[in-house]
Each structure stands twice: as structure tokens, then as C-alpha cells.
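Thanks for making the time this morning; I would like to walk through one model with you, slowly, and keep to what its coordinates can support. Please have the sequence and the structure open while I talk.

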Amino acid sequence: IRKLENEGIGRPSTYASIIDNILHRHYVALEKRKLKAMDLGMTIYRALIDRFQFMELEYTRNIETQLDKIAVGQTSYREVVGNAYAQLASELGAFNEAGIAGQPKHLCPDCNKPLRLVQGKFWGCSGYPECSYSAPDAEGCPGERREPVTKSVDTSYPCGCGQGFMRRRQGGKGHFWGCSRYPKCTNTLPDDAGKPGLAVPAKGASSSPKVGDACPDCKAGSLIRRTLAKGKNEGKDFLGCSGFPECRFFAWPS
């Protein structure tokens with residue numbers, strides 16, 4: 001408010017509505033009693049500055065002076081509003097011809113859509129989620145992108161959960177195989193010469209097949225829980241191979 005007063009903009013009766021508008025429209029956020037510009041506010045500012053006179057402080061000061069003159073009868077409402085409307089219509093026409101944001105300064109190298117600064121931390125494509133390109137911020141411009149190290153998913157050994165795949169991992173006692181969905185799935189299998197081995201039952205545990213075990217028939221798939229869709233046992237769960245229909249192992253769960 002002190003800044004508005006120093007610039008000669010607004011009146012005591014309008015300060016509250018000005019602050020309320022920019023907060024509720026998410027142009028700024030209130031953090032520790034201070035206003036912080038948000039991405040939306042900065043995007044609008046960059047799109048409109050130098051294209052519309054109403055973005056300039058002098059324009060606002062002049063309009064408020066004209067409104068004061070209307071209040072005391074020194075000028076007419078139609079003259080002030082007519083001049084302001086004519087100028088706005090001219091600027092709006094040029095703005096529409098150039099596009100809603102003119103020529104974007106930074107374009108996505110993957111899809112050619114405009115890049116935008118996200119939370120003041122990194123640049124992301126405006127086409128997200130269709131395009132997931134991102135780059136670090138380098139003093140207000142997209143920096144050099146650090147390409148993530150991608151690993152191809154080996155689908156040779158499905159996990160018993162039915163959604164992930166077994167991956168060879170290094171543990172404290174050597175290699176083992178664990179689900180790619182860890183920690184959501186904690187299925188593990190011992191390593192057998194670079195391939196998933198059979199699940200080792202715990203001491204005292206039943207040797208009956210269970211979810212996550214290697215299929216006793218094909219040895220390649222894992223046992224997962226399925227539900228019978230028809231027949232006299234319709235709706236009952238059973239254990240089947242993840243390699244179905246190539247492997248038709250069947251067992252009732254213990």
C-alpha cells in the first residue's frame with residue numbers, strides 16, 4: 001500500500017479491493033505478510049506489458065486524475081471513457097493479431113509449444129502432460145537440460161503381483177531379485193545364476209505354492225492370484241501362472 005501511495009495510484013477506499021483482487025485471482029500470494037508474485041501473475045504481466053497502456057503507472061495516474069475531474073464536473077464521463085475505449089480497442093486489435101502472448105520467447109525443443117517457468121524453479125512445457133519436457137532455470141531462462149538416465153524395463157520375468165517385473169539387485173548377501181514396483185510390492189526371489197530362482201520357504205512354513213513363487217510348471221512365470229469367472233467355483237480365488245495362457249498352472253491357495 002505504501003508503494004501505491006508513493007506512485008500516486010489508488011485511493012484509501014480502493015486499496016483493500018486492489019489487494020483482494022490480485023490475491024483471489026492468484027496473481028500473488030501472501031507469505032509472512034508480504035506479497036509474492038505467482039506464476040500466473042508473472043505470465044500475465046509478460047504477456048501484457050509493452051502491449052497495453054493500462055499496464056503503465058502513468059496511464060493509471062492519468063485515468064484517476066480524469067475520474068477526479070469527472071467528479072467535480074471539469075470533464076465528461078463520455079469523453080474520458082470514449083478516449084480510453086478507443087485506445088484499448090486499438091491495442092486489443094494488435095494484440096489479437098500477434099496471438100494471446102505474442103511470440104513466445106522460449107519454445108519447447110520437443111513439441112515447439114511455449115515453455116513456462118514453474119514455481120520459479122524450473123521450466124516446463126505448456127503442453128504438459130502430453131509433453132513432459134523440462135529444464136532447470138538459469139537466471140530467468142531455460143538452462144541446459146540434464147537428460148535422465150533411462151533404463152529399459154526387462155519384462156522377461158513378471159512379478160507375482162501381476163503388475164511389476166523382477167529385477168536383479170545387489171544385496172548385503174549377494175544378488176537377489178525384487179519387484180520393479182518396490183516399495184509397493186516387496187516380492188523377492190533368490191538369484192540362480194543370473195535368473196530368478198525358486199522362492200525358499202521359511203523354516204516351519206508350508207511348502208504349498210503361494211503368490212510370488214516361481215511357477216512349478218514353466219519355471220519362467222510367477223504365481224499370481226486370479227478369480228474364476230465361471231463354473232461351479234465362480235468368484236473363488238486361485239493361483240495361476242503370470243505366463244497364462246501359455247502356461248496353465250492351477251492351484252488352490254493354502
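How many salt bridges does the structure hold? Before I answer, please keep in mind that this is a predicted model, and that every value I quote is computed from it. The structure holds seven salt bridges, and I will take several of them in turn. As general background, side chains of opposite charge can pair when their charged atoms come close.

Let me begin with Arg-11 and Glu-64, whose side chains meet in a salt bridge with an N to O distance of 2.9 Å. Arg-11 sits in the loop between helix H1 (2-7) and helix H2 (15-24), while Glu-64 belongs to helix H4, so this pair ties together parts that are 53 residues apart in sequence. The two partners also fall into separate accessibility classes: Arg-11 counts as partly exposed because its relative accessibility is 31%, whereas Glu-64, with a relative accessible area of 16%, is buried.

Staying with helix H4, which covers residues 57-71, we can check its geometry: its 15 residues, taken at 1.5 Å a residue, should span 21 Å, and the C-alpha atoms at its ends are indeed 21 Å apart, so the expectation and the model agree. After H4 comes Gly-73, which has a positive phi, near 80°.

Within that helix, Arg-61 forms a salt bridge with Glu-58, and the closest N and O atoms are 3.1 Å apart. Arg-61 and Glu-58 are three residues apart in helix H4, so about one helical turn separates them. In general, an α-helix has 3.6 residues a turn, so residues three or four places apart point the same way. Arg-61 is partly exposed, at a relative accessible area of 26%, while Glu-58, at 51% relative accessibility, counts as exposed, given that the class begins over 50%. These two residues also take part in a wider arrangement, since Lys-3, Glu-7, Glu-58 and Arg-61 are linked in a network of salt bridges.

Now to the strands. Three of them form an open sheet in the order E11-E12-E13, with antiparallel pairing. The edges are strand E11 (223-227) and strand E13 (250-251), each of which pairs on one side only. Strand E12, residues 237-241, is joined to E13 by two bridges, and in this part of the sheet Gly-240 stands opposite Phe-250 of E13.

A salt bridge also connects this region: Asp-237 pairs with Arg-225, with 3.9 Å between the closest N and O atoms. Because Asp-237 lies in strand E12 and Arg-225 in strand E11, the pair ties together parts that are 12 residues apart in sequence. Both partners count as partly exposed, Asp-237 at 32% relative accessibility and Arg-225 at 48%.

I will finish with a charged residue that has no such partner. Which side chain of opposite charge is nearest to Glu-91, and how far away is it? Glu-91, in helix H5 (residues 77-98), is buried yet has no salt bridge, and the nearest oppositely charged side chain is that of Arg-51, 11 Å away. The side chain of Glu-91 does, however, reach the backbone nitrogen of Gln-53 at 3.1 Å. Setting aside neighbours within four places in sequence, Glu-91 is in contact with Arg-51, Phe-52 and Gln-53.

Note on methods
Residues numbered from 1 in each chain as written. Predicted model: local features only at pLDDT ≥ 70, side-chain atom pairs only at ≥ 80, totals over all residues. Heavy atoms only, no water. Pairing = 2+ DSSP bridges. Helix = DSSP H or I, 4+ residues; strand = E, 2+ residues; numbered from the N terminus. Expected span 1.5 Å × (residues − 1). Buried < 20%, exposed > 50% of the residue type's maximum accessible area, 1.4 Å probe, protein only. Lys, Arg positive; Asp, Glu negative; His and termini not counted. Salt bridge = Lys/Arg side-chain N within 4 Å of Asp/Glu carboxyl O. Polar contact = N/O pair within 3.5 Å; in protein donor to acceptor, adjacent residues only side chain to side chain. Contact = heavy atoms within 4.5 Å.
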